[in-house]
Amino acid sequence: LAHVPDLNGFVRGLSRLLKEDGLIVVEVPYVTDMIDNCEFDTVYHEHLSYFSLTALDALFSRNGLTVQKVERLPIHGGTLRIYAGHGGERDESVVRLLDRERASGVSDIDFYKTFGARVERLRADLVALLNELKSQGKRIAAYGASAKGSTLLNYCGVGRETLDYVVDRSTVKQGLYTPGTHLEIYGPEKLLADAPDHVLLLTWNFASEILEQQSEYRKRGGRFIVPVPFVKVV
C-alpha cells in the first residue's frame, strides 16, 4: 500500500473485489515508529506514503471497508498489520491504538516538526564518529547493500573516502556497486578474511540477526556501528 499513488482508487478496488464475508490483510511501515526512532533512511523513492492507524482508518472507511483489527510488528523498524472487511466491529486493538495516536498527536503538524532536526543531529554524530575513527587509522566497512543503506550513505555524504567496501548476503548484489557512493559489494565472509576494525551496520533493522551471524568477527575484536535510532558502537 505504501507504493500506491492512488490510495483511494486502490482501496476502493479492494472493497469491490472483496466478498461480503471476506477479509483483507495489509501491512505497512508505521509512521509513529519512523518518527520516534528517527528512521529517516526508510524514506526512499518507492514509498509514497507512511501511515498511522488514524490515516488508515479514515482511508478504508471512506472507501467502504472497516479496520477490524490491528497488530504492531517490529519488522523493518516498526510495521502495522491491519485486518479489514465489509462492516464488522472494531476490536479492542483498534480502539486502543487510535486512542494512543490521538493522545500523541499524530494528526498534528507539531508531531513531525522536530523530525528533520533530529535527523540532522544523527548525521552529524555519525559523520563525527566515522571521521574520528579514520583519523585514528581505523579501517571501516559496511554491512547491507540495502535501499535504506543507500539513503543513509548518500544523505550523510559517506563514501569511498571513509568506507572500504560493503558486504551483503545477497549473491545478486555481490560484485556490483552501491548507488551514488560506488562501494564494491562482497559476501559477508570478507569480514573475517579482511578483518576491518569497524563495520557500519546499514541494515540496522536486522541488527540482532546480523550480530549473531557475525559472532566470530566480533570475537576477533571487530566492532559494529549501529546508526539508528542513535549512533552507538557494539
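Here is a walk through this structure, from its sheet to its largest pocket and a few unusual backbone spots. Keep in mind that the model is predicted.

Let's start with the sheet. Six strands make up an open sheet with mixed pairing, and reading across it gives the order E6-E5-E4-E7-E8-E9. The edges belong to strand E6 (185-186) and strand E9 (232-233); each has a single partner strand, so one side of each has no neighbour in the sheet.

Now for how some of these strands pair up. Strand E4 (residues 140-143) runs parallel to strand E5 (residues 166-167), and two bridges link them. If you want a specific pair to look for, alanine 142 has valine 166 in E5 as its bridge partner. Further along, E7 and E8 are also parallel, joined by three bridges, and here leucine 200 sits opposite isoleucine 225 in E8. Then the sense flips: E8 and E9 are antiparallel, with two bridges between them. Isoleucine 225 turns up again here, standing opposite valine 233 in E9.

What connects E8 to E9? The link is a hairpin, and it passes through five residues. The loop between these two strands holds proline 229, and the peptide bond leading into it from valine 228 is cis, with omega near 10°. That's worth a look, because most peptide bonds are trans.

Next, the helix that packs on this part of the sheet. Helix H6 (residues 115-135) lies across E4, strand E7 (198-201), strand E8 (223-226) and E9. Its direction makes an angle of about 155° with that of E8.

Back at the E6 edge, find glycine 187, in the loop between E6 and helix H8 (190-194). Is glycine 187 buried or exposed? It counts as buried, because its relative accessibility is 6% and the cut-off for buried is under 20%. Setting aside neighbours within four places in sequence, glycine 187 touches Val167, Asp168 and Gln174. Alanine 128, on the other hand, is 59 residues away along the chain from glycine 187, and their C-alpha atoms are 28 Å apart.

On to the largest pocket, which holds about 440 Å³ of space. Its lining has 29 residues, and the ones closest to the pocket centre are His76, Lys148, Thr203, Asn205 and Phe206. Strand E1 (24-29), helix H7 (147-156) and helix H9 (207-213) are the elements that each give two or more residues to this lining. How does the lining divide by residue type? There are eleven nonpolar, eleven polar and seven charged residues.

One of those central residues deserves a second visit. Histidine 76 is in the loop between strand E2 (66-73) and strand E3 (79-85), and its phi is positive, near 60°. That catches the eye because most residues other than glycine have a negative phi. With a relative accessible area of 42%, histidine 76 counts as partly exposed.

Another histidine has a positive phi too. Histidine 182 has a phi of about 55°, and you'll find it in the loop between E5 and E6. Its relative accessible area is 46%, so histidine 182 is also partly exposed, that label covering the range between the 20% limit for buried and the 50% limit for exposed.

Methods:
Residues numbered from 1 in each chain as written. Predicted model: local features only at pLDDT ≥ 70, side-chain atom pairs only at ≥ 80, totals over all residues. Heavy atoms only, no water. Pairing = 2+ DSSP bridges. Helix = DSSP H or I, 4+ residues; strand = E, 2+ residues; numbered from the N terminus. Contact = heavy atoms within 4.5 Å. Axes fitted to C-alpha atoms, helices over the stretch in contact; angles between N-to-C directions. 1 Å grid on protein atoms, 1.4 Å probe; cavity = no way out; pocket = protein on both sides within 12 Å on 5 of 7 lines; lining within 4 Å. Points joined across faces, edges and corners; volume = space filled by probe spheres on them. Nonpolar A, V, L, I, M, F, W, Y, C, P; charged D, E, K, R; others polar. Buried < 20%, exposed > 50% of the residue type's maximum accessible area, 1.4 Å probe, protein only.
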